[in-house]
Amino acid sequence: MSTCAMMSVAQAASSVMAASAGKAQSARRMSGRNCFGGGVEVVAVAGRSRRRRAAVVATGAVMAASDAAVEVARAEDKWIAGSIERCAVGAGVQALREQGMTQLAHARVPTSRVEEWRFTDLAPLATAQPVAADPAAAAAVDATPWTLSAADTSRIVLVDGVYCPEKSNLSGVKGGGIQVGMLSAGVTPMAAGALGAQTAQRGGFLVSLNAVMASDAVVVNVPAGARLETPLHIVQLSTAAHAAGAAGLSSSAPRVVVVLGEGAEASLVEEFAAAPGVALDAPYWHNGVCELVLEKGAKLTHTMVQSQSRAAVHTRATLLTQAEESVYALAEVNLGGRLGRHDLGVKQLGARTETRLACFNLAGAGQCIDLHSSVVLDHEEGKTDQVHKCIVSASTGKGVFDGNVQVNRQAQRTAAGQISRNLLLVPKATVNVKPNLQIVADDVVCTHGCTVSDLEEEALFYIQSRGLSPAIARSLLVAGFGLEIVSKIGSKDLKERVALLVRASLDRDNVKLAA
């Protein structure tokens, strides 16, 4: 790391700790006012020595709680400052790093008291000590298991967030002014503010950490009227390795920026996984961010498959803006990580946009798989359709869905649909579902719904009536539950890979599928 970069990171850590001291003093002053005011009020009303003593005791208890809260805040700030110091290696992306430092100086580690994190525990991350992944580990990684026949010449491989040119092949990406490359190599987003603008407005705590930790960014530019002929395949692998002598949770922070000009078309496929040789229970942290910009009439098909190790922490934010008449279609499958969290934000910037979101989550033993989505519609005649499906296959597994579709006053003649279907295969399996449709406009067609259940007895009876055993009937229904989402994946070899991953995950929780 250069001297300037080291000083910058050190200053960031210092600013976080300085802000912590200020916040602690502010918290004490506020608590003191509350406690003093409460004590005076109780004494004034009671007017007796017994109640005066009770007020003093209550005041002391609240002061003790206040001191405990201050200590928690200091511990959180120490964790943030330490993570910055250990993970923000190299020069980084300067504009992003400065943005993230400013935001983290006043940030708090989310807890269950924060509504957006009410059902998702960050303890696997907050109790760990994140350290930068070892860049030397990338050389030994074999990325060939993650190939697509349709994207052999349009493939980018990132190992622990770092671009590996020798494992990538972009020879098929050419013509029409299309650019795919790294920010550090001089490829910059063709839309002003595409890098960092959305995260500055709609990002959260983890996005700010990504801004500080990111060492580079993948940039994809598809100019107006151009079409990316083959899918762009971005493979993101994690090694769980950290530099010698640096104990802690190996961490990476990939960044992707995609800009589609007016009338442009592209298909983006992202895969997230542990590198070959990484143990099934190896812990590491993948903290990714993707910013998407669709200009007027642009069309993007987006596929994501997340199959990290079961001890990993996978956090991802996908932020999208859609201009007039643009189309965005997402199909995602998540089945890895002790904690897997996807924050998806879509904002409509023009009329007649179309947004299709499809998600299949599979949570096994000890896993929490979480999707938080937000779709904001501010213009007329938009269409949005969201389908969320989740299977929880173990008593210690948990699925979380918080989907918010906001239809504002100017979004007249909007058609919005949202459905969440959840399948609990064993007793004590847990799913927390919060579909949320907010409608201010008065000329709309909007629906939403949610189901949480085991397999339907009627469906089981129907299959068994065809001569199949109860075990086979059950396995067929489980296998078919996520088929609606998996069928939206365009690549045949990726569909087959997903089918094997789902089967392996269910087998690990002793849920057997028929051959």
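A residue counts as buried under 20% relative accessible area, as exposed over 50%, and as partly exposed in between. The model examined here is predicted. Glu381 has a relative accessibility of 31%, so this residue counts as partly exposed. Its place is the loop between strand S16 (368-377) and strand S17 (383-392). The backbone of Glu381 stands out in one respect: phi is near 60°, a positive value in a residue other than glycine.

Ala240 also has a positive phi. The angle is near 65°, again in a residue other than glycine. Ala240 lies in a loop as well, between strand S6 (232-238) and strand S7 (249-252). Its relative accessibility is 21%, and Ala240 therefore counts as partly exposed.

Helix packing was examined next. Two packed helices are described by the angle between their axes and by the distance between those axes. Helix H7 spans residues 457-464, and helix H8 spans residues 470-481. Their axes come within 9 Å. They cross at roughly 120°. That angle makes H7 oblique to H8. The crossing of H7 past H8 is right-handed.

The contact draws on residues from each helix. H7 contributes Ala459, Leu460, Ile463 and Gln464. These meet Pro470, Ala473, Arg474, Leu476 and Leu477 in H8. By class, the contact residues divide into seven nonpolar, one polar and one charged. Gln464 of H7 is the polar residue. Arg474 of H8 is the charged one.

Key
Residues numbered from 1 in each chain as written. Predicted model: local features only at pLDDT ≥ 70, side-chain atom pairs only at ≥ 80, totals over all residues. Heavy atoms only, no water. Axes fitted to C-alpha atoms, helices over the stretch in contact; angles between N-to-C directions. Helix = DSSP H or I, 4+ residues; strand = E, 2+ residues; numbered from the N terminus. Parallel < 35°, antiparallel > 145°, perpendicular 65-115°, else oblique. Left-handed = near helix turned anticlockwise from the far one by under 90°. Contact = heavy atoms within 4.5 Å. Buried < 20%, exposed > 50% of the residue type's maximum accessible area, 1.4 Å probe, protein only.
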